[in-house]
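Q: Please take a close look at the interior of this protein, beginning from one acidic residue and moving inward to the nonpolar side chains. Which residues belong to that interior, and how are they arranged?

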Amino acid sequence: MTISLFLAIVIVMGTLIVVTSIARLHRLQIHVAATTVPAPPKPYRDRRISHSAHGAVDARGVWALAAQPRCFEEVEKSTGSQAYVKAHLPPQARRISSGRTLVFGSCRITIDGGSIIVVRGDERITVPPPAELYQTASRLYLLARGAAGGPELRAYKVVPQS
């Protein structure tokens, strides 16, 4: 009697589990829709930047001083016509002549025949010609051809070295 009772309980419970599972599957609503899966980012290839085997950086761009946050902080940027950009240059700003080298902490700026070279450690970033550097008592001003090809004036505050 106990074996037949046990068998009856197993059959009833198994039937309930199967019926409940089937009922739940009918209520289960599955929606399949097309989605895009983000692809892993591809390595950035900027031809203006090259890395040597030792990790040195050699780049070209009007952003040369902005790339040195330990030495310079960009505070203003003007783009537009030559007259508009030159109007943002303070009258007391003095142009730094070619052949001069300025040192600000660990950064060295060399003005060389229309181009400006910024060096810090193994990083060397060149602002291509025509580029001019101006200086006031509290700011440096870089006048160069921007990424869009027009004139661009960037003002920088020198970061105090600790």
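A: Asp-58 is partly exposed, since its relative accessible area is 38% (buried is under 20%, exposed over 50%, partly exposed in between, with a 1.4 Å probe and protein chains only). The model is predicted, so local features need pLDDT of at least 70 and side-chain atom pairs 80 or more, while totals for chains, interfaces and linings use all residues. Residues are numbered from 1 along each chain, and side-chain values use heavy atoms, without hydrogens or water.

Asp-58 is part of strand β2 (helices, H or I of at least four residues, and strands, E of at least two, are DSSP runs numbered from the N terminus). Although Asp-58 and Asp-122 are 64 residues apart along the chain, their C-alpha atoms are separated by 8.4 Å.

The setting of strand β2 is a chain with 2 helices and 11 strands. In sequence order, these elements follow the pattern α-β-β-β-α-β-β-β-β-β-β-β-β. Of the 162 residues in the chain, 28% count as buried. Among the contacts (heavy atoms within 4.5 Å) with a separation of 6 or more, 55% join residues 24 or more positions apart.

The interior may now be considered. The largest nonpolar core (buried Ala, Val, Leu, Ile, Met, Phe, Trp, Tyr and Cys joined through side-chain atoms within 4.5 Å) has 23 residues. Those with the most contacts inside this core are Leu-65, Phe-72, Ile-109, Ile-116, Val-127, Leu-133 and Leu-142. Strand β2 (57-60), which holds Asp-58, is among the elements that give two or more residues to the core. The others are β5 (101-104), β6 (107-112), β7 (115-120), β8 (123-127), β9 (131-135) and β10 (139-145). A second, separate core has 8 residues, including Val-85, Tyr-134, Leu-143 and Ala-155. In soluble globular proteins, nonpolar side chains tend to be buried together.

Leu-142, one of the residues with the most contacts inside the largest core, deserves separate attention. Leaving aside residues up to four places away in sequence, Leu-142 touches Val-62, Leu-65, Ile-116, Val-127, Glu-132, Leu-133, Glu-152, Leu-153, Arg-154 and Tyr-156. Among these partners, Leu-65, Ile-116, Val-127 and Leu-133 are also listed with the most contacts inside the largest core.

Phe-72, too, is one of the residues with the most contacts inside this core. Phe-72 is buried, because its relative accessible area is 2%. The structure holds 1 aromatic pair (rings of Phe, Tyr and Trp, the last by its six-membered ring, with centres within 6.5 Å; planes under 30 degrees apart are stacked, over 60 edge-to-face and the rest tilted). The ring centres of Phe-72 and Phe-104 lie 5.6 Å apart and the planes meet at 70°, so this pair is edge-to-face. Distant parts of the chain are linked by the pair: Phe-72 lies in strand β3 (residues 72-79) and Phe-104 in strand β5, 32 residues apart. Phe-104 also counts as buried, because its relative accessibility is 13%.
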